[in-house]
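Student: Could we go through this model together, beginning with the strands and then turning to the cysteines and the core?

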Amino acid sequence: MASLTIINARAVIGGAVRKCNLKVVDGKIKGIMPPGDTYGKTFDARENLILPGFIDIHTHGANGVDFNHAEAKDVRGVRDFFASQGTTTFLPAIMTDTEENMLRSILSVVQAKNTLKCSQIYGIHLEGPFLDAAYKGAMPEELLQPCSYPLFKRLQDASGGQIRLITLSPELEGAAELTKRLSMEGVRVSLGHSGADYETAVRCIEAGAISATHTFNAMKPLHHHAPAITTAVLESDGYCEAICDGKHLHPAVFRLLLKTKGLGRVIAVTDSMMAAGMREGIYKLGNNNVVVRGGEAKIMGTDVHAGSILTTIQALRNMMEFTGLPVEKIVPLLTENPARMLGIFHRKGSLDVGKDADMVMLDDKYRVLATFSEGELLYQAGK
């Protein structure tokens, strides 16, 4: 029975910072004890901050790897980079491509997931191909397709049921019916890349859509006479993704999103592409050439954003700066909220007894010192 005690921790538990020791047995949190109590092997937190591990539901890659072009070994390498940023669970996002290439990318992710010791890869986020060409963003227009359950089923069967989340546009014919069917099968449906009117978006929400993809980005804005999809997702009880890099959303817009939805319904995502963690230059996002300059990633020759170079730890620091909120109030956007949306909060997303021992340790400047996944030390600064 493998055991570990994180001693001298300041852990965020139940929305507050508590001084405690955390007992870990066989990858699970088994006890939250007063300082001084130990059990088995110890890891000294030295009164640094311990948070739940971050969960990123929308990332296209990092550290030189694009998930649409990656082999299994590349996906595993991204896992290591993400650990250095505090991410313990992520959903590789496969963007619109040919069916052949989407199948190949899916199989690479599944192979990587099956060879990792811990559950860092929860599943796949399929972003497309059922998207509106008028709001395609970085999606290749010629490869966008009408809603098709048979196509989704071929991709899902190839993945072994690992497509956990799909982004689709509600204005496509059959979108509400597809949303209802996928939701009944346990796939989370997120609305995005959309110019849908309010009523059309509401139909998909009523059919089971649970989230909105990179809210406000690649999405028709609201107007007081034409509320559009943006109003529908803001008004609903569902979740809203937010890219918190200060580029995709002005800080004031992010604050407005929080006031509208509440702290419990916003999910911070990176939407990162392969240039995250790399120098400025020219990179790929799916089929696009992307120029990274001045902290932004844009399709070459255009002003269109192509993902981001954001990391989860930088998102945490940004959100604290944008809002003035303390870490214990803002961290659920990277932990509890995505876990609840995915239906895995019974396992992940908070430091509660019985849950996976996914933890990130930060110093007083909110830099990552160590990351644990199911009690296994994945990253330690300086080592």
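Student: In this predicted model, which residue in S18 is the bridge partner of Arg-293?
Tutor: Arg-293 falls within strand S17, which spans residues 288-293 and pairs with S18 in the antiparallel sense over 4 bridges. The partner of Arg-293 in S18 is Glu-296.

Student: Which strands stand at the edges of the sheet that S17 belongs to?
Tutor: The sheet is open, with 3 strands in the order S16-S17-S18 and antiparallel pairing. Each edge strand has a single partner strand, so one side of each is left without a neighbour in the sheet. The edge strands are therefore S16 (281-285) and S18 (296-299).

Student: How many disulfides does the structure hold?
Tutor: A disulfide requires two cysteine sulfur atoms within 2.5 Å. For Cys-204 the nearest cysteine sulfur, that of Cys-147, is 7.7 Å away, and for Cys-240 the nearest one, that of Cys-244, is 12 Å away. Neither Cys-204 nor Cys-240 is in a disulfide, and the number for the structure is 0.

Student: Is Cys-240 buried or exposed?
Tutor: Buried means a relative accessible area under 20%. The relative accessible area of Cys-240 is 0%, so Cys-240 is buried.

Student: Which residues touch the most other members of the largest nonpolar core?
Tutor: In soluble globular proteins, nonpolar side chains tend to be buried together. The largest core here has 73 residues, and a second, separate core of 18 residues includes Leu-4 and Ile-13. Within the largest core, the residues that touch the most other members are Leu-51, Phe-130, Phe-152, Phe-254 and Leu-316.

Methods. Residues are numbered from 1 along each chain as its sequence is written. This is a predicted model: local features need pLDDT of at least 70, side-chain atom pairs count only at pLDDT 80 or more; totals for chains, interfaces and linings use all residues. Side-chain values use heavy atoms; hydrogens and water are left out. Buried means under 20% relative accessible area, exposed over 50%, partly exposed in between (1.4 Å probe, protein chains only). A nonpolar core is a set of buried Ala, Val, Leu, Ile, Met, Phe, Trp, Tyr and Cys residues joined through side-chain atoms within 4.5 Å. Two strands pair if DSSP finds at least two bridges between them. Helices (H or I, at least four residues) and strands (E, at least two) are DSSP runs, numbered from the N terminus.
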